[in-house]
Amino acid sequence: MPAKAAPRAAVKRALDQRQLVLFYQPIHELKSRRVVAAEALLRARRRSGEIRQGAPIAAAAEKGPDLRRLDSWMIERAFRDAAVWQQRAPAVRLHVNVSAREIEERGFASHLRKLAALAGIDLARVNVEVTETSFVARPRAAARTLDAVKSLGAEVWLDDFGTGHSSLSHLLAFPLDGIKLPAAFVKPLAGDARARALVQHLVAMAHAMELRVIAEGVERRDQLAVLRKSGCDFVQGFLFSEPMPLEAFLTRLS
Ligand code: G
Ligand code: MN
């Protein structure tokens with residue numbers, strides 16, 4: 001969901017003052033319920049110690065000059081953290097969010113490769129989520145970048161599919177491994193026949209295109225039942241696990 005943006009200056013302040021932290025939300029295989037991956041999610045730490053959602057910071061960065069710096073910080077932090085948990089659980093992949101604006105930049109793939117080498121993580125254990133919160137002005141440039149990202153071994157996933165600036169043409173233009181269904185589609189699943197039809201057909205379409213599907217924001221058993229019937233592959237949401245600090249995630253894995 002588009003978050004209310006913080007003032008632009010807040011992005012710089014948060015980065016300068018090291019107020020940002022990453023939480024990790026487990027992603028479960030629906031059939032086995034096993035944790036197969038975790039998504040790095042941005043949080044802001046107040047002076048009081050209180051932890052806030054990072055979405056307003058991310059939304060402000062999207063429009064301002066500090067997007068690259070924020071994305072680099074997030075990727076580097078997440079790579080270092082995942083390198084730690086993958087020593088114990090190498091099969092548990094990392095999902096990192098990258099803005100669509102970022103992937104239009106030439107050099108993004110080599111930037112990613114450098115950060116991975118620094119952190120000591122194998123990109124074959126990383127899934128890059130492309131968040132289409134901003135319009136992809138240069139889809140060809142973006143597709144070239146994503147080809148390069150894939151040739152480094154990472155998977156490419158389309159985040160919040162069907163919302164924001166997402167375009168069906170991205171399904172053809174981008175070398176995707178999977179799509180993430182947004183919480184907005186999952187929320188009405190139990191009671192709303194149209195929502196059920198939408199999700200069932202999106203999953204079927206994705207599978208026909210040899211894409212896998214993660215459903216986000218799964219909070220209730222009735223939603224899970226519909227997702228299971230639809231053949232959805234993976235689930236993420238409060239019903240299974242909330243986002244948590246690295247330490248808690250390490251405990252969870254052991
Ligand atoms: O829209 P986006 O994917 O950016 O939202 C991710 C946010 O949603 C995260 O900050 C995460 O904490 C939160 N979240 C994760 N799982 C759930 C859930 O099951 N329900 C709700 N309401 N929020 C969730
Ligand atoms: Mn995401």
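This report walks through a predicted model, starting at the ligand and moving on to the nonpolar cores and three buried residues.

## Around the ligand

Let's start with ligand 1. There are 13 residues around it, and the ones that come nearest are Gln25, Arg43, Gln53, Glu219 and Phe238. Sorted by class, that shell is a mix: 5 nonpolar, 4 polar and 4 charged residues.

Several side chains offer polar atoms to the ligand. Glu219 puts a side-chain N or O atom 2.5 Å from a nitrogen atom of ligand 1. Gln25 also faces a ligand nitrogen, with a polar side-chain atom at 2.9 Å. With Glu216 the ligand's partner is an oxygen atom, which sits 3.1 Å from an N or O atom of that side chain. As for how much of the ligand is covered, the protein buries 72% of the 520 Å² that ligand 1 exposes when taken alone.

## The nonpolar cores

Now for the packing. As a rule, nonpolar side chains in soluble globular proteins tend to be buried together. Here the largest nonpolar core counts 80 residues, and Tyr24, Ile57, Phe79, Trp85, Leu94, Ile179 and Leu227 are the ones with the most contacts inside it. Helix H3, which runs over residues 67-88, supplies the largest share of this core, with 9 residues. Another core, of 5 residues, lies apart from that one, and its members include Ile27, Ala37, Trp157 and Phe234.

Ile57 is a good place to zoom in. Setting aside residues up to four places away in sequence, Ile57 touches Ala6, Ala10, Val11, Ala14, Leu20, Leu42 and Leu70.

## Leu15 in helix H1

Leu15 belongs to helix H1, residues 8-16. Is Leu15 buried or exposed? It counts as buried, because its relative accessibility is 11% and the cut-off for buried is under 20%.

What does Leu15 contact beyond its neighbours within four places in sequence? The partners are Leu20, Asp66, Arg69, Leu70 and Trp73. Trp73 is 58 residues away from Leu15 along the chain, yet their C-alpha atoms are separated by 8.4 Å.

## Gln86 in helix H3

Helix H3 also holds Gln86. Gln86 has a polar side chain, but its relative accessibility is 5%, so it counts as buried. One polar partner is a piece of backbone: the oxygen of Val92 lies 2.9 Å from a polar atom of the Gln86 side chain.

Val92 turns up in the wider contact list too. Not counting residues up to four places away in sequence, Gln86 touches Val92, Arg93, Leu94, Ile121 and Arg125. Leu94 is also one of the residues with the most contacts inside the largest core.

## Asn127 in strand S5

Last stop: Asn127, found in strand S5, which spans residues 126-131. Why does Asn127 count as buried? Because its relative accessibility is 2%, and under 20% is what buried takes.

The Asn127 side chain has polar company. A polar contact of 2.7 Å links it to the side chain of Arg93, and one of 3.0 Å joins it to the side chain of His95. Both residues also appear among its contacts outside the four-place window, together with Leu94, Val96, Glu155 and Trp157. Of these, Trp157 is a member of the 5-residue core. Pro56, by contrast, sits 23 Å from Asn127, C-alpha to C-alpha, and 71 residues away in sequence.

Key: Residues are numbered from 1 along each chain as its sequence is written. Chains are lettered from A and ligands numbered from 1 in the order in which they are written. This is a predicted model: local features need pLDDT of at least 70, side-chain atom pairs count only at pLDDT 80 or more; totals for chains, interfaces and linings use all residues. Side-chain values use heavy atoms; hydrogens and water are left out. A residue is near a molecule or strand if one of its heavy atoms lies within 4 Å of it. A polar contact is a pair of N or O atoms within 3.5 Å; within protein, one must be able to donate a hydrogen and the other to accept it, and residues adjacent in sequence count only if both atoms are side-chain atoms. Accessible areas come from the Shrake-Rupley method with a 1.4 Å probe; for residues, only the protein chains shown count as cover. Ala, Val, Leu, Ile, Met, Phe, Trp, Tyr, Cys and Pro count as nonpolar, Asp, Glu, Lys and Arg as charged, and the others, Gly among them, as polar. A nonpolar core is a set of buried Ala, Val, Leu, Ile, Met, Phe, Trp, Tyr and Cys residues joined through side-chain atoms within 4.5 Å. Buried means under 20% relative accessible area, exposed over 50%, partly exposed in between (1.4 Å probe, protein chains only). Helices (H or I, at least four residues) and strands (E, at least two) are DSSP runs, numbered from the N terminus. Contact means heavy atoms within 4.5 Å.
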